[in-house]
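Work through the following exercises with the structure in view, and try each task before reading its solution.

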Amino acid sequence: MSKINKTRIILVSIVISIAAAGVYFSNQRDPEPIRPLFLAPMFNVFDPCGNPEVDPVTIGDCNRPGGSAAALVENTLSMLGPRVSANGRFELGYTLQFPLMRLFKRENAAWVIDQPVIERMVRTLHDNDRPVLVYLFSTHFGLNSPIEPVLASDPSNLAVTTAGPLVRDKYYEHDIFPWTFATTDNELTRRRVQAIDAVVGEICKLPKGDHDKIRAITLLGELHHLFPNFQGGMGFSDNYLITDYSRASVDGFRTFLESRFGSTRALNKVLDSNYKAFSEVAPPSKDIRTQPLTRFTEHIDSFAHGSLPIAGWVYLPSARTRAVPWVRVYLNGKFLERVPANLSRQDVRDANPGFGTADVGWRFDLKFSELTPGVHRIAVVLEERPDHWVHVDTRDISVMESSQAQPRLMPQRYLLSAASPDPTLRWSTDYPVNLSSYYYNPLVPLWHEFRNEQVVSYLRYIDQRVRRSCLKDTKTYVHQLIPFPNPSWDFNKFAVDASLRPLPDMHLGVSLYGEATYGDSFFDWYEESKHKSYGVTEFHPLRSLSLDQARQMFEKHRTRRAEFLSFFLKTQKLHGGDSGAAYQFAFDPGNPTFSSDQLHKTVKTLLNEPAPESLKR
């Protein structure tokens, strides 16, 4: 190669490097602008036109031929704020809910789609000019629909525990129907798909300009595994009953294991077992403490996957500290972890209203599967201040062998001395229970992984149904709870971890309540999640916030690329007057529950205020 050519190559390389650097630094100086946060409140009634609490005299165009709830929607939203806030930070639209099971009517001996109702609801989208979030709603929460008890009478539609199909339950005043998603080959799924096809088909008849109003579609609602006593059974109960143990789940689990391991030899190596065929494997279903086992791999409880929570709550009077208290966890005298006591414990606040806050919970998950069998001593120390530690609790636990051999106390290191708690400190170490025992069954994490896949598989099935339509290019979102901000919950009961990870086609939608709306727990998780954006499908801080606190909360969501944020909003009559009681989570001037009245006022103020200098870009 000639010197001239070499010189040309070097010069070209330099030019390319300078250009690339220019693009990089240009991107650093001029990042993608942050869009307004799309607020999409959903009304506390599914179809205002058909709601008996809304006086027919005052609902305007709802009941005339060709009418819709568009005027009711606009009236309710205009009382809250303009379409785009004065400071450019917010855009105000709405969530249009389609309650799938309420879209059926009985005609002779058959259940058929109530087409006039769907047409009226879709006309709302056409008649109102605001952007909209379409919510295809069908979860375990009852809708007071005549078809629901009929579907519930068929066991193939119900989730199954080891004690049999779950029965109808209650969550506060709401009916809970324990619908299954272990299979798509049942009447429940066929009816869901039938309703979705009817709704989407009607939307597809609208002009393209109406399709462009749809910012996103959320799928079904919170989809997760169920358990008895839904309202009070989210924690670590002794009687461990989870779903799903239907025939479809058992067969699916065996297929899952065969696909994962290929041979029983490889499976047996992991399980230390002696299965001769995958058809012999059954999901873990018994507690070794109370039930005889044929194989150790039958054992299951809240901890058999190999992890146990060390968790509780601590409250310090504000006069003693202004910072978040920290809890230090020790194992056999060795420091393990330091965690903040700032997670939401609504149950603690309900029992102690004088605290004025629910953000007193803490939790550290210990992987006992990695410990040597024996008796281990856990010490909990409150770091009230950097120079003042308080020893609040000690618990002994037994990590057991499958043989149930008598465990021995593990060697202990000397634990640094700490002060005893004084009477003004309020605290509780809820887990682990002193002298409790723990057995690790390596089949259990595989069982939970399979249950997670069941959630994702069903959501994918529904998503693919929507994508067969004219809305195939509209973003779809899961509408999922996140259990980890609730330190007293047994996360594995829900089995939603996989549905919260990045998924092909579907996007992340989460329901946020309490500390997760304004604190660090959700945002810390989100930063590690590899998601590039998210939507908030349900939202309520569950407490009063100052205007500055609320402004900072919404700004955190906006700057972290929240695509939308949806909260419950009470429908307002066209001509004034009371439109009935508000849902307990609905933002409304007349609803003091969870400070919902104050939050309504705050959102209204933010939508109408100019941008503070500190937030101007």
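The exercises below treat a sheet, a pocket, some salt bridges and one helix residue.

The model is predicted, so that local features need pLDDT of at least 70 and side-chain atom pairs count only at pLDDT 80 or more, while totals for chains, interfaces and linings use all residues. Residues are numbered from 1 along each chain as its sequence is written, and side-chain values use heavy atoms, with hydrogens and water left out.

**Exercise 1**

Find the order of the 5 strands in the open sheet, and state which strands stand at its edges.

Solution. Begin with the terms: strands (E, at least two residues) and helices (H or I, at least four) are DSSP runs numbered from the N terminus, and two strands pair if DSSP finds at least two bridges between them. Following the sheet across, the order is S15-S14-S18-S19-S21, with mixed pairing. Strand S15 (334-340) and strand S21 (436-438) are at the edges, and because each has a single partner strand, one side of each is left without a neighbour in the sheet. On average, neighbouring strands of this sheet are turned by 30 degrees against each other, direction ignored, where the axes are lines fitted to C-alpha atoms and angles run from 0 to 180 degrees between N-to-C directions.

Next, look at one pair inside this sheet. Strand S18 (residues 374-385) pairs with strand S19 (residues 388-399) in the antiparallel sense, over 11 bridges. As one example, Ala379 has Thr394 in S19 as its bridge partner.

**Exercise 2**

Describe the second largest pocket by its volume and its lining.

Solution. A pocket is an open set of points on a 1 Å grid over the protein atoms alone, with protein on both sides within 12 Å along at least five of seven lines, and lining residues have an atom within 4 Å of a point. The second largest pocket holds about 1,200 Å³ of space, the volume being the space filled by probe spheres set on the points. Of its 37 lining residues, Arg363, Asp365, Phe484, Phe491 and Asp497 are the closest to the centre. Helix H10 gives the most to this lining, with 5 residues. By kind, the lining divides into 17 nonpolar, 9 polar and 11 charged residues.

**Exercise 3**

Which residues form salt bridges with Arg345, and is Arg345 buried or exposed?

Solution. A salt bridge is a side-chain nitrogen of Lys or Arg within 4 Å of a carboxyl oxygen of Asp or Glu, and the structure holds 35 salt bridges. Arg345 forms one with Asp347, the closest N and O atoms being 2.9 Å apart, and another with Asp430 (2.9 Å, N to O). The pair of Asp430 and Arg345 links distant parts of the chain, 85 residues apart, since Asp430 lies in strand S20 (residues 426-431) and Arg345 in the loop between strand S16 (343-344) and helix H9 (346-351).

For accessibility, buried means under 20% relative accessible area, exposed over 50%, and partly exposed in between (1.4 Å probe, protein chains only). Arg345, at 7%, therefore counts as buried, whereas Asp347, at 40%, is partly exposed, and Asp430, at 23%, counts as partly exposed.

**Exercise 4**

Where is Tyr526 placed, and how far apart are the C-alpha atoms of Tyr526 and Arg560?

Solution. Tyr526 has its place in helix H13, and at 5% relative accessibility Tyr526 counts as buried. The C-alpha atoms of Tyr526 and Arg560 are separated by 9.1 Å, although these residues are 34 residues apart along the chain.

Notes. 1 Å grid on protein atoms, 1.4 Å probe; cavity = no way out; pocket = protein on both sides within 12 Å on 5 of 7 lines; lining within 4 Å. Nonpolar A, V, L, I, M, F, W, Y, C, P; charged D, E, K, R; others polar.
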